[in-house]
Amino acid sequence: MKAFANMHPAVSMLYFLSVLLVCMFIPHPVLQAEALLGGALFCAALQKRGAALRDLGFYLPLFLMVAVVNPLFSHNGVTPLFFLNENPVTLEALLYGVSLAVMVIGVLLWCKAYNEIMTSDKFLYLFGKLIPKLSLVLSMALRFIPTYLRQSRRVSRAQKAMGLYAGKSITDRVKNRMRVLAAMISWSLENAMETSASMKARGYGKKGRTNFSLFRFRASDGVLLAICICLLAVPLIGAAVGITDFMYYPRVGVIQTTPAAIAVYAAFGTLSVLPFILEVKEAIVWNYSVSKI
Amino acid sequence: MELFRVENLSFRYPKAERDALQEINLSVQNGEFIVLCGASGCGKTTLLRLLKKELAPVGEKTGRILYAGAPQEALTNAGEIGFVQQNPESQIVTDKVWHELAFGLENMGLPTETIRRRVGEMASFFGMQGWFRQKTDALSGGQKQLLNLASVMVMQPKLLILDEPTGQLDPIAAADFIATLQKINRELGLTILLAEHRLEEVFPIADRVLVLENGRILLDDEPRKIGLRLSKLHCDHPIMLHALPGAVRIWQGLHIDDTCPLTVREGREFLERHFENRAETLPEPEVPRIGETAVELKNVWFRYEKDAPDVLRGVSAKVYRGEIFCMLGGNGVGKTTALNVLAGLDKPYRGKVLVGGKPIKDYKGGTLYRRGLALLPQNPETVFVKDTVRADLAEILEVMEIPRSEHAAQIEKIAEKLGIVHLLDRHPFDISGGEQQKSALAKVLLSEPKILLLDEPTKGIDAFAKSNLREILRKLKRDGMTIVLVTHDVEFAAETADRCAFVFDGEILSADPPQKFFAENSFYTTAANRMARGLWKNAVTCEQVIEGCRTTGGQL
Amino acid sequence: MKKWISYGILCLLIPTVVLCGMFLFPAKQYAWISLCVALLSCLPVFLRFERKSVSTKRLILIASMTALSVLGRILFTPIPGFKPVTAMVVITALYFGGEVGFLTGSLCALISNFWFGQGPWTPFQMFSWGLLGLLAGLLADPLKRSKILLAVYGAVSGVLYSALMDVWTVLLADGYFNLSRYAATLVSSLPFTAIYAVSNLIFLLLFSKPIGKILERIQTKYGL
């Protein structure tokens, strides 16, 4: 599943931000449900089936927990369902809990997809022009971390083979990790000075440094960008004119069904299932071209 | 055309007692391939760094360095002189291969399209297409060093300076790297100044060799004349004895009036021209008496993860008490894993490991590592966690429950034995690779092991430190220690081991005394053996070849 | 000139974005504002760093310390909440100043989330770890002198970190600062708060001296 991952970083970043913004900040049941659905479909398309099922085992209990906890201590609303320790458990609070759960799970799913698609190099590319020096720092840190991890494993084994803190008790383990971390600081800073020599040897530090990347902005990226902007504009305008306002307290509001409101739902619905559609289209095209061979 | 001219250059580090470089005079012509050699601490690195003004060390400098006829300060383009250091790991700046290649060009402020072109060109010249988009961290050591070279080459330098670039590489990767340098020199006409301590491959391809000693240029001549002039200066010069290619050493040891051979082929022709074999084989020393088994692997199977392929497939081996046992083999055949299994770091999922006749599992809570078994890891710096060598050594004594009052004496004793007394109060990261290794060995030995395991002990140390290590290992053996080592270094194994074993595809294939072992190999053997095997199949070291020529070889 | 234009744009853009958000998301406007504040509070330090000339060594020092803090977070993954990150950031700040402390803290939050997962919590982590570093840099002298003060700083910063993250949780959930939910969140995150505080305290007390020695040695050896 590569269709969305191959898009230009700017397009995918804009896409994720817009979906997340709407999902987090416009608490309208239809939009939130659409975001949850889109996120779930996208994550399912990105993963193998087994992993997706395992995720369900994680998100479902979380969903129930968030939904149930809210009415237990929020007693707003006018429709009591029953009383617990003389406190009313209201329908409104329960529904608000459900909407919170939809939002939380939706955000988590979209963040999961984001983490899958927006790898560190895309992030660096996007911010390389805005904060060039820091993005170089980030790139170096990203380069160091796996090296440090490997070296720390070596140090830990070397120490173990000398019988130092080789025990299995918690204190031995914590002590061992701390010794390793301390040893790593010396080692890494010594090496960092060699790295700085290598940077200077290649002329780092002169004015007018440029930022190179392998990403190209293609026509398809432009098309997707335009579609995203249009689809995002509709719910934002909807929010501006109050179509997406929705109240839970004191009484649960009514979901609008005016043509304008339908348009808002349709636009955001399309936006949130867009990556899933792209992935499915890619899969079909691929199967078709394979069958032709 | 003259690229570099160094006139009367002397240099002294701040607070140092003597000059690191004295009265250096040197001229580098365009297109030359120059090799710089000398023991560690002779001033090689200082000289090379002074030539690259961005890396010039701080200190007192007299004399002049001219680049293309003008003082070197006038050179503004850092890309014109490329510099590659020893450690492949620490020179890489960014996290992706393509970005690393582009790094220097970004610094020069070139536009994206130009960078794309140049990076693409270099990647295809170096054959990097397969790993162009990979993370730099996922590369092997050899690939990393090649990447360092390529990301310097992409800036289109006029001169390439390399400071022991193959020091951390295994022999195959090192040979690849040297071959790439030769290609760059031949095909692109690029001037190369290379400091090396492994001279076997670079000697034959160099135009000139500079020998540095105590901060002075001892010799500056073409490779064929270096051997002769060196032996005239003093015949037991450490470089002569240990570092020069086998062919030169044999030629020098025989004192025959003929041109000096440089490669294995020339060496063989030289030997065949002057000697005939009157005895099929050289006499072999008595096979050491087979004693008690110190450690044993019994049908050991190991893999790192459940779904990963097997790394060890039924390895069986016995190591006898008091011998030096050497495991040889290429990359990724399972040598180091076998050693780690012996050390109790990796647990086999099938088979048995016996240490002193007792299953390794039965040693509980670190008892294995007290007066039992010790491992010197491949990277000696992983052994140190304190801020002086002394503190690091004391830490082990603490674990060994030796009373505080005896610490000083014990540390003094081991330091003298290994010759590191002067290093005790230094920081472990302030000393050279060879010194680091000896200090790490001292720390490991303080646990009074009966069995010592060493992983690639010759990596990154120069010829002198290598022969020093050999002496130490022999001394330890005389004291009754069993030593198991894993190495790529066939020359070291031939000169050190009592028995050598060949590891391939997760198995130990054979274990024999080195003369027998190498006599049966035709490719995987020492340079001396490859030269002399037509005369004596079992002449393995240069000394044996020379000895053979003197005693049983009839001179023609 | 170019610089001034970009600053002008920045000065116009930021309030516009914040105000638009408030207008568009009336139900969640406080959550929106707090997110913007967390993000924007990093900006001045970042931009200042971009503008001034920084030596290569300093640049790489920040990268290394950031990577080491992330390493700390990864090494201690098995024990939830018990992380040396704050301690590392604080110690870095003590020896290399508030700016390096802020950058190490905020970049560590950003980068470690490439491992642990990015999300709307990232800006808040960036902000709080950065701030803890910055403050430690400002208070470097007294903190270096007194172990008790250092311990207090560690414990308080653990509590503050937790309390700050809970504010965001409440704002996002209710759209306004719902005190009863805040209290409930604080109570439910109490065990974590306690681990944060205790781990900061332990790591700072145990680490500050040995790491300080290492950093001082590097400082003199390489003239940082």
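**Figure 1. Strands E12 and E13 of chain B are joined by 7 bridges in this predicted model.** Strand E12 covers residues 293-302 of chain B, and E13(B) runs antiparallel to it. One pair in this ladder is Val300(B) with its bridge partner Val315(B), the latter in E13(B).

**Figure 2. Strands E13, E12, E15 and E16 of chain B, in that order, form an open sheet.** The sheet has 4 strands, and the pairing is antiparallel. Its edges are strand E13 (312-320) and strand E16 (358-359) of chain B, each of which pairs on one side only. Helix H11 of chain B, residues 335-342, lies across E12, E13 and strand E15 (350-355). The helix runs at about 120° to E12(B).

**Figure 3. Gly506(B) sits in the loop between strands E20 and E21 of chain B.** Strand E20 spans 499-504 and strand E21 spans 507-512. The relative accessibility of Gly506(B) is 2%, so this residue counts as buried; the cut-off for buried is under 20%. Leaving aside residues up to four places away in sequence, Gly506(B) touches Val311(B), Leu312(B), Arg313(B), Val315(B) and Val333(B). Among these contacts is Val315(B), the residue that is the bridge partner of Val300(B) in E13(B). Thr551(B) is 45 residues from Gly506(B) in sequence, and the two C-alpha atoms are 41 Å apart in space.

**Figure 4. Helix H6 of chain A covers residues 132-160.** From its first C-alpha to its last, this helix of 29 residues reaches 42 Å. That span is close to the 42 Å expected at 1.5 Å a residue. Because 21 of the 29 residues of H6(A) are buried, the helix is largely enclosed by the rest of the structure.

**Figure 5. Chain B as a whole contains 19 helices and 22 strands.** The C-alpha trace of chain B spans about 70 × 60 × 50 Å along its principal axes. Its radius of gyration is 25 Å, which agrees with the value near 24 Å for a compact globule of 556 residues. Of the 556 residues in chain B, 58% are buried. Among contacts in chain B with a separation of 6 or more, 66% come from residues 24 or more positions apart. Chain B exposes about 23,000 Å², and carbon and sulfur atoms supply 49% of that area.

Definitions and conventions:
Residues numbered from 1 in each chain as written. Chains lettered and ligands numbered in written order. Predicted model: local features only at pLDDT ≥ 70, side-chain atom pairs only at ≥ 80, totals over all residues. Heavy atoms only, no water. Helix = DSSP H or I, 4+ residues; strand = E, 2+ residues; numbered from the N terminus. Expected span 1.5 Å × (residues − 1). Buried < 20%, exposed > 50% of the residue type's maximum accessible area, 1.4 Å probe, protein only. Contact = heavy atoms within 4.5 Å. Pairing = 2+ DSSP bridges. Axes fitted to C-alpha atoms, helices over the stretch in contact; angles between N-to-C directions. Rg over C-alpha atoms; globule rule 2.2 N^0.38 Å. Areas by Shrake-Rupley, 256 points an atom, 1.4 Å probe, with all protein chains shown as cover.
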